[in-house]
Amino acid sequence: MAKIKPRVKVPKKATAGEIVEIKALISHPMHTGRAKDKKTGNKIPRKIINKFVASFDGQDVFTANFEPAVSANPYIAFPFKASKSGAFTFTWVEDGGAEFTASKKMTVA
Amino acid sequence: MKQTTQFSTISRRHALAMLGAAGAAVLAGVPAYADGAAVAAKIKGLTGGKSVGEGTIELDLPEIAENGNAVKVAFSIDSPMTTDNYVKVVHVMADGNPTPEVASFNFTPAMGACSASTRMRLAKTQNIIVLAEMNDGSFKQAQATVKVTIGGCGG
Amino acid sequence: MRLAVTITMALSLLAGAAFAKTPYHDGTAEVITPADKNHPLGEIVSGYNFRKAMIRDVQDDDFENPAMLVVDHGEELWGTVDGSAGKSLSQAFEGCAEVPLDVVGSVYPRFNNAAGKVISLEQVINMCRETTMGAKPYKWESRDMLGITAYIRMQSRGSRVNVAVDGKASAAFERGKKLYYQRVGQLDMSCAHCHEDNYGNYIRADMLSQGNINGFPTYRLKWNGVGSTHRRFRGCMKNIRAKPLPYGHEDYVALELYTAWRGNGLKVETPAYRN
């Protein structure tokens, strides 16, 4: 079973007022529940990352809700307005409640 | 390939026409994929039947996707993203997939801009519809067609 | 049967004209002139150039390329001590490979003195694990093996594929060449039918490449994951209704050597992102 591993790209530094791009990716098969196991012929049950939350200094700033139509190894890129230095926390939620997180700091001048 | 579209109201006549087509498709026994009617129904559920307004939503979608497994979908919506005037939620829908919902995104003014990019699975050639809800309860919409081709071979 | 295939290809050709261009068509692709005058083609082009922008863009971005997740896994294993000798692959490998690490990815498959024959990168790794490290071999298509081979080949990324096919490697080279042109399966086709006679043409809606392997192990959308050249060979044989050989079969190693030679001069692109 492949490990479920997140990776994020956050600029280390930004100027106040600058809109930066945040990129986040997590390795995950995103089983839709429609595909069949080639060996057993049984349907592989649905198991996807259904939510991605980005928070900055404890405040949620962006949420993405994923359906099975989102590709395997779900990728998301979104903007953020730098205002003060702080830390991002990124959370991915899997069907069933398991959570995966990653954090990154950003210095704002 | 960027496709910029402006879209206005879905007329009742249009919605009824789509529902009619869906009815005919069911009678003909075609496979149970979503279609225009399913998306129209979903949109109605989200908007409460309100009219959907104009506004520039820029869609970044390929014209032809060589493979339906990971098709890039990105959008950018012109909005000041201030606490008085910002995009609250954006829904991405595909009218030819088994179910129309692809993803939805909740934005906050802290983001400073309204855009997002991800990759989606497309079962076949179909329309991608992006519906945006503003903080004042109004809606904007845009759509584009993505052609999905069947690959050759290669195991 | 052959006539049916010819007609299908002719129809695909006509249909193909309607599709958008790839770099190969519009002349922006890097085109290599074969150094070897016995090369059957007048130009060598990477498979990268036969794909549309949506796919090329992902390969160009190490962050987005999902193959990099497998490379990361390989990098972790590379430095991990494993086996009775208390060594990691990073310590044992150069001795086993008989060439420096930053060159391995551009010269394998290669005649290996310790093995006494031409072997693939996967076989060097397992030979190293078993004899030098006292560790268990990896299964050919396991995430571990794919990770390590992708990681190693990536160390040569940007340098030119340069497999040796003369001297002690010539027997395997000749065997690989024979296999490349051999018709197999119910569809009675060889590698050459698609990748030599019809590269640049369409098979259904896919533009056929020259079948170079400079990006392997590669992520394929079709697999929703990373796979080896042997997986690709097996898949193709299944498509033409031939019985695929097992992973690691001597014939596939020979075919791998020959196919790599056809791409000598191309830049190593591992880990690639393809259709």
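Student: Which residue in S10(B) stands opposite Leu131(B)?

Tutor: In this predicted model, the residue of S10(B) opposite Leu131(B) is Gln141(B). That position belongs to a longer register: S9(B) and S10(B), the latter comprising residues 139-148, pair in the antiparallel sense over eight bridges.

Student: How many residues lie between S9(B) and S10(B) in their hairpin, and which residue in the turn has a positive phi?

Tutor: Four residues separate the two strands, and Gly137(B) in the turn has a positive phi of about 90 degrees.

Student: Which strand pairs with S9(B) over seven bridges, and in what sense?

Tutor: Strand S6 of chain B, residues 87-94, pairs with S9(B) in the antiparallel sense. One point of reference in that register is Val90(B), whose bridge partner in S9(B) is Ala132(B).

Student: How many residues of S9(B) are buried?

Tutor: Let us take the general idea before the case. In a regular strand, side chains alternate between the two faces of the sheet. As for burial, a residue counts as buried when its relative accessible area is under 20%. In S9(B), residues 126-134, eight of the nine residues are buried, and the strand is thus described as mostly covered.

Student: Let us turn to chain A. Which strands do bridges join to S4(A), and how many bridges are there in each case?

Tutor: Seven bridges join S4(A) to strand S7(A), residues 86-94, and the two run antiparallel. Six bridges join S4(A) to strand S5(A), residues 59-66, again antiparallel. For the register, Val53(A) stands opposite Thr91(A) in S7(A), while Ser55(A) stands opposite Asp60(A) in S5(A). S4(A) itself, residues 49-56, is mostly covered, with six of its eight residues buried.

Student: What phi does Asp57(A) take in the hairpin of S4(A) and S5(A)?

Tutor: Asp57(A) takes a positive phi near 50 degrees, in a hairpin that has two residues between its strands.

Student: Where does Ser27(A) lie, and why does Ser27(A) count as buried or exposed?

Tutor: Ser27(A) lies in the loop between strand S3 (19-26) and S4 of chain A. Its relative accessibility is 7%, so Ser27(A) counts as buried, the cut-off being under 20%. Leaving aside neighbours within four places in sequence, Ser27(A) is in contact with Lys3(A), Ile4(A), Lys5(A), Asn73(A) and, from chain C, Leu69(C). Of these, Ile4(A) is 23 residues away from Ser27(A) in sequence, yet the C-alpha to C-alpha distance is 5.2 Å.

Student: Where is Ser209(C) found, and which residues does Ser209(C) touch?

Tutor: Ser209(C) is found in the loop between strands S6 (206-207) and S7 (218-220) of chain C. Not counting residues up to four places away in sequence, Ser209(C) touches Gly47(C), Phe50(C), Cys194(C), His195(C) and Tyr199(C). Ser209(C) is buried, at a relative accessible area of 15%.

Student: How many helices and strands does chain C have, and why is chain C described as compact?

Tutor: Chain C has twelve helices and nine strands. Its radius of gyration is 19 Å, close to the 19 Å that the globule rule gives for 275 residues, so chain C is as compact as a globular protein of that length. The C-alpha trace spans about 60 × 40 × 35 Å along its principal axes. Buried residues make up 58% of the chain. Of the contacts in chain C between residues at least 6 apart in sequence, 67% join residues at least 24 apart.

Student: How much area does chain C expose, and how far apart are the mean positions of its positive and negative charges?

Tutor: Chain C exposes about 11800 Å², of which carbon and sulfur atoms supply 52%. The mean positions of its 33 positive and 30 negative charges are 7 Å apart.

Methods
Residues are numbered from 1 along each chain as its sequence is written. Chains are lettered from A and ligands numbered from 1 in the order in which they are written. This is a predicted model: local features need pLDDT of at least 70, side-chain atom pairs count only at pLDDT 80 or more; totals for chains, interfaces and linings use all residues. Side-chain values use heavy atoms; hydrogens and water are left out. The radius of gyration is taken over C-alpha atoms; the globule rule is 2.2 Å times the number of residues to the power 0.38. Buried means under 20% relative accessible area, exposed over 50%, partly exposed in between (1.4 Å probe, protein chains only). Contact means heavy atoms within 4.5 Å. Accessible areas come from the Shrake-Rupley method with a 1.4 Å probe; for residues, only the protein chains shown count as cover. Lys and Arg count as positive and Asp and Glu as negative; His and the chain ends are not counted. The place of a charge is taken as NZ of Lys, CZ of Arg, CG of Asp or CD of Glu. Two strands pair if DSSP finds at least two bridges between them.
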